[in-house]
Amino acid sequence: MAHFAEIDENGLVKRVLVVDDKDSGGGDIAQEAVGAKYLADGFGGTWKQTSYNRNFRGKYAGPGDTYDATKDKFVPPQPSPSHTWNDSKCKWDNPPGLPDDGKSYNWWEAKKKWVERAEDAPCALTEEEKAKL
């Protein structure tokens with residue numbers, strides 16, 4: 001089985017489909033054109049093969065990711081403007097200063113700082129929580 005991501009004209013991943021090896025040239029990246037054509041003939045669009053095991057193109061593509069043709073990699077959305085891209089790890093690095101004390105923290109972009117997150121708190125800070133800081 002081979003996995004293919006449909007990308008729009010800006011490289012944004014719209015969806016990912018699985019194609020049987022018989023329709024994708026055996027699932028080998030060298031045969032990507034076979035699977036991409038099979039999908040384009042059936043669904044239209046532009047298709048790039050992605051690796052479920054992350055053997056190529058950096059990461060397994062998902063909707064909302066972007067295909068960077070220059071790097072030939074799929075890139076997840078940037079969590080915040082303060083996160084920086086790490087090309088060797090194919091991931092966004094956290095802003096500096098994340099405490100290493102075993103507690104959970106959220107990045108507060110407006111204040112450019114890490115804020116401790118209560119165990120039962122949602123992933124994002126509420127306006128009320130922000131006002132207390």
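User: How many salt bridges does the structure hold, and what makes a pair a salt bridge?
Analyst: The structure, a predicted model, holds twelve salt bridges. The term requires a side-chain nitrogen of Lys or Arg within 4 Å of a carboxyl oxygen of Asp or Glu.

User: Why is the pair E6 and R15 called a salt bridge?
Analyst: The N to O distance between the side chains of E6 and R15 is 2.7 Å; the limit is 4 Å, so the pair qualifies. E6, K14 and R15 are also linked in a network of salt bridges.

User: Is E6 called buried or exposed, and why?
Analyst: E6 has 5% relative accessibility. Buried means under 20% relative accessible area, exposed over 50%, and partly exposed in between, computed with a 1.4 Å probe on protein chains only; E6 is therefore buried. Its partner R15, at 31%, falls in the intermediate range and is therefore partly exposed.

User: What makes D87 and K71 a salt bridge?
Analyst: Their side chains meet at 3.9 Å, N to O, and this value lies within the 4 Å cut-off, so the term applies. The pair links distant parts of the chain, 16 residues apart: D87 lies in the loop between strand 6 (84-86) and strand 7 (91-93), whereas K71 lies in the loop between strand 4 (66-68) and strand 5 (73-75). Strands here are DSSP runs of E with at least two residues, and helices are runs of H or I with at least four, numbered from the N terminus.

User: Why are D87 and K71 called partly exposed?
Analyst: D87 has 33% relative accessibility and K71 has 36%. Both values fall between the limits for buried and exposed, so each residue is partly exposed.

User: How do you know that D93 and K91 form a salt bridge?
Analyst: The side chains of D93 and K91 meet at 3.2 Å, N to O, which is within the limit and therefore satisfies the definition. D93 has a relative accessible area of 22% and K91 one of 36%, so both are partly exposed.

User: Which secondary structure pattern does the chain follow?
Analyst: The chain has two helices and nine strands, in the order β-β-α-β-β-β-β-β-β-β-α. Of its 133 residues, 35% are buried.

User: What conventions apply to these values?
Analyst: Residues are numbered from 1 along each chain as its sequence is written, and side-chain values use heavy atoms, leaving out hydrogens and water. Because the model is predicted, local features need pLDDT of at least 70 and side-chain atom pairs count only at pLDDT 80 or more, while totals for chains, interfaces and linings use all residues.
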